Amino acid sequence: MLLAETKREEESRSKRRNKHRGSVPGHRIIRRDRVEGHERLYHDYFAPNCVYDAFFRRRFRMGRPLFLRIVNGVEQYDPYFVQTTDAIGNLGLSSLQKVTAAFRILTYGTPADSVDEYVRIGESTAIESLRRFVQAVIAVFGDEYLRPPNNNDIARLLAIGEQRGFPGMLGSIDCMHWKWKNCPTAWQGMYTGHCHEPTIILEAVASQDLWIWHAFFGLPGSLSDINVLERSPVFATLTEGRAPPINYRINGHDYTMGYYLADGIYPNWSTFVKTIPCPQGLKRKHYAAAQESIRKDVERAFGVLQARFAIVRGPARFWDEETLAYIMKACIIMHNMIIEDEGATNDNDFDGSGENPIVQVSHVHTPEFVDFIQTHHQIRSNASHSQLQSDLIEHLWQRYGQ
């Protein structure tokens, strides 16, 4: 009796094994024909006489040479994007398919499974490709396209500021909120602020050509711009003595620190120039109009970034904050690469040449530490802020108002 029962159990177990065959019981195998998907993608966008040549920039947000440069850099950095074969000789997904799937998610903000029908890539593989792609972009291109301005950059930015009537200006600073749809329930109170939805904050500095020079992302949306500023490394190089020297003269007064145009919530520091609420008199009205107009550079940069990469315009669908940070940083890097590629900054140096040497941090009481404290107080000087604003009011009036 016992032997018969054991035999029946073995037969039943054997039938179950024969039924599933694969390593995962119940796993469905979809014959996507990846090779056909790669050939269609290649003939549509990358062949010498491709079908959608006129639509490439519209759908990939950049020119074909720049896109292929990114593909080659990512493929060399991460072997995941190299096309391989499986154990029985079937070709896997090509680098064009994986990168295109990641690009479609970034540029159109679509769910991961929406690229399956055209690219022939599964949802889980598309998500994995996106995660690896943004990390590879940061690793390969981050040092060149997301760095603080060097000596040559600062000289160019100061020249632009002088032409626009603001000597010493290095750009505009502001914050942007990115909605987090899948924020964990336990964290929603911390990440919910004036938007009444969970958001994550991006602090950025942008210049007239919309190049983003500083990006600080990851703080919860319940914080204000001042709270973000207190945690931001935007003035780290200045306080540590690694910032290039800046010297300019306005209305008979000499200044040694550059400044950013900011809105009214920012503190009255010597490194911020703000507008005047309810200005009285022609001089102050002229200054307020000029400051508010030029300060929109950073707002324009946010708008262009969201237009190019719709994923940062819509609600974020990922669950972990680390992936969202990688996505935001990679989008900013590619945004700067597009600006350089499309001619707005062709005559400028963005290869990192002229960078300042790294200064070793001292942990003892030295003259460098004293200089750090003095610079810290100079940045937060209300008197310097008021003097700079008054000088700019007179400078703009003498140059444009009369």
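## Exercises on a predicted fold

Leu 210 sits in the loop between β2 and β3; here, helices are DSSP runs of H or I with at least four residues, strands are DSSP runs of E with at least two, and both are numbered from the N terminus. You're working with a predicted model, where local features need pLDDT of at least 70 and side-chain atom pairs count only at pLDDT 80 or more, while totals for chains, interfaces and linings use all residues. Numbering starts from 1 along each chain as its sequence is written, and side-chain values use heavy atoms, with hydrogens and water left out.

**Exercise 1.** Work out whether Leu 210 is buried or exposed, and what its phi is.

*Solution.*
- Start with the cut-offs: buried is under 20% relative accessible area, exposed is over 50%, and partly exposed lies in between (1.4 Å probe, protein chains only).
- Leu 210 has a relative accessible area of 12%, so it is buried.
- Next, the backbone: phi of Leu 210 is near 75°, a positive value in a residue other than glycine.
- The hairpin around it, made of β2 and β3, has five residues between the strands.

**Exercise 2.** Find how β2 and β3 pair, and where β3 stands in the sheet.

*Solution.*
- Two strands pair if DSSP finds at least two bridges between them.
- Strand β2 (residues 199-206) and β3 are antiparallel, with seven bridges.
- Check the register: Ile 200 has Pro 220 of β3 as its bridge partner, and Ile 201 faces Leu 219 in β3.
- Now zoom out to an open sheet of five strands with mixed pairing, ordered β3-β2-β1-β6-β7.
- Its edge strands are β3 and β7 (272-273), each pairing on one side only.
- Edge strand or not, β3 (residues 212-220) is mostly covered, with eight of its nine residues buried.

**Exercise 3.** Test the length of α8 against its expected span, then say what covers its buried residues.

*Solution.*
- The expected span is 1.5 Å times one less than the number of residues.
- Helix α8 (residues 151-163) has 13 residues and should therefore span 18 Å; its end C-alpha atoms are 19 Å apart, which agrees.
- Its buried residues include Ile 154, Leu 157, Leu 158 and Ile 160.
- Among the elements covering the buried residues of α8 are β1 (169-179) and β3, with contact meaning heavy atoms within 4.5 Å.

**Exercise 4.** Which residues does Glu 230 touch, not counting those up to four places away in sequence?

*Solution.*
- Locate Glu 230 in helix α10 (residues 225-231).
- Its relative accessible area is 43%, so Glu 230 is partly exposed.
- The residues it touches, leaving out those up to four places away in sequence, are Trp 269 and Arg 380.

**Exercise 5.** Place Arg 120 in the fold and classify its accessibility.

*Solution.*
- Arg 120 lies in the loop between α6 (116-119) and α7 (123-145).
- Phi of Arg 120 is near 65°, a positive value in a residue other than glycine.
- Arg 120 counts as partly exposed because its relative accessibility is 28%.

**Exercise 6.** Tally the whole protein: how many helices and strands are there, and how much of it is buried?

*Solution.*
- The secondary structure comes to 16 helices and seven strands.
- Of the 402 residues, 47% are buried.
- Among contacts with a separation of 6 or more, 70% join residues 24 or more positions apart.
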